[in-house]
Amino acid sequence: MEGGDQMDHRFSFSIFTIEINDRPTLALQAKRHKDAERLCEYGQLRTTLSTITSHGTPLCDASATMKVRLATAEEAALYRQATQSTEPSSDTNVVYLVDLDE
């Protein structure tokens with residue numbers, strides 16, 4: 001069956017939510033929980049999130065707490081809906097779960 005490999009590839013990933021200060025902020029796909037946690041450990045993610053605002057407030061600051069957990073069914077559905085039109089790639093697709101300022 002052609003195309004089966006792509007489906008198998010997608011099923012090997014789980015969708016995780018990163019909460020910032022207990023607020024579900026972004027969803028992403030990773031193979032394992034610790035892979036998703038590793039993204040939080042990179043200062044680059046925190047720096048990027050500090051430049052993005054929602055309702056005039058940066059998503060993240062130096063003192064913000066970041067926590068990774070499995071996405072809820074609703075968050076996973078939002079992630080899939082937002083990424084269904086993108087080609088699978090080695091880059092991590094991040095879907096914001098909050099309203100972003102323009």
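**Entry 1: R69 and E19**

I looked up R69 and found it partly exposed, with a relative accessible area of 22%. The model is a predicted one, and I read every value below as computed from it. I then asked which residue meets the side chain of R69 in a salt bridge. The partner is E19, with an N to O distance of 2.6 Å. I noted that this pair links distant parts of the chain, R69 lying in strand β5 (residues 66-70) and E19 in strand β1, 50 residues apart. Is E19 buried or exposed? I recorded E19 as buried, at a relative accessible area of 10%.

**Entry 2: D22 and K67**

I turned next to D22, which forms a salt bridge with K67; their closest N and O atoms are 3.7 Å apart. This pair, too, links distant parts of the chain. I placed D22 in the loop between β1 and β2 and K67 in strand β5, with 45 residues separating them. For accessibility I entered D22 as exposed, at 59%, and K67 as partly exposed, with a relative accessible area of 44%.

I then asked which residues are joined into one network by salt bridges that share partners. I listed E19, D22, K67, R69 and E75.

**Entry 3: D35 and R32, and the count**

I checked a further pair, D35 and R32, whose side chains meet in a salt bridge at 3.5 Å, N to O. R32 is partly exposed, and I noted its relative accessible area as 44%. How many salt bridges does the count come to? I entered 6 salt bridges.

**Entry 4: the strands around β2**

I followed strand β1 (residues 14-20) into its pairing with strand β2 (residues 23-30), which is antiparallel and runs over 7 bridges. As one of the partners across this pairing, I noted L28 in β2 for F16. The hairpin of β1 and β2 has 2 residues between the strands, and there I found N21 with a positive phi near 50°. D22, from Entry 2, also sits in the loop between these strands.

I then asked how many bridges join β2 to strand β6 (residues 94-96). The number is 3, and the two strands run antiparallel. For L26, I recorded Y96 as the bridge partner in β6.

**Entry 5: T48**

I located T48 in helix α3 (residues 43-50). T48 is partly exposed, with a relative accessible area of 35%. I compared its position with that of L59: the two are 11 residues apart in sequence, and their C-alpha atoms are 9.1 Å apart in space.

**Entry 6: the cysteines**

I searched for disulfides and found that the structure holds 0. C40 is in no disulfide, and its nearest cysteine sulfur, that of C60, is 8.9 Å away. Why does the sulfur of C60 form no bond with that of C40? At 8.9 Å the sulfur of C40 is the closest cysteine sulfur to that of C60, and the distance is too far for a bond. The cut-off I applied to a pair of cysteine sulfur atoms is 2.5 Å.

I also looked up whether these cysteines are buried or exposed. C40 counts as buried, at 15% relative accessibility. C60 is buried as well, with a relative accessible area of 3%.

Technical notes. Residues numbered from 1 in each chain as written. Predicted model: local features only at pLDDT ≥ 70, side-chain atom pairs only at ≥ 80, totals over all residues. Heavy atoms only, no water. Pairing = 2+ DSSP bridges. Helix = DSSP H or I, 4+ residues; strand = E, 2+ residues; numbered from the N terminus. Buried < 20%, exposed > 50% of the residue type's maximum accessible area, 1.4 Å probe, protein only. Salt bridge = Lys/Arg side-chain N within 4 Å of Asp/Glu carboxyl O.
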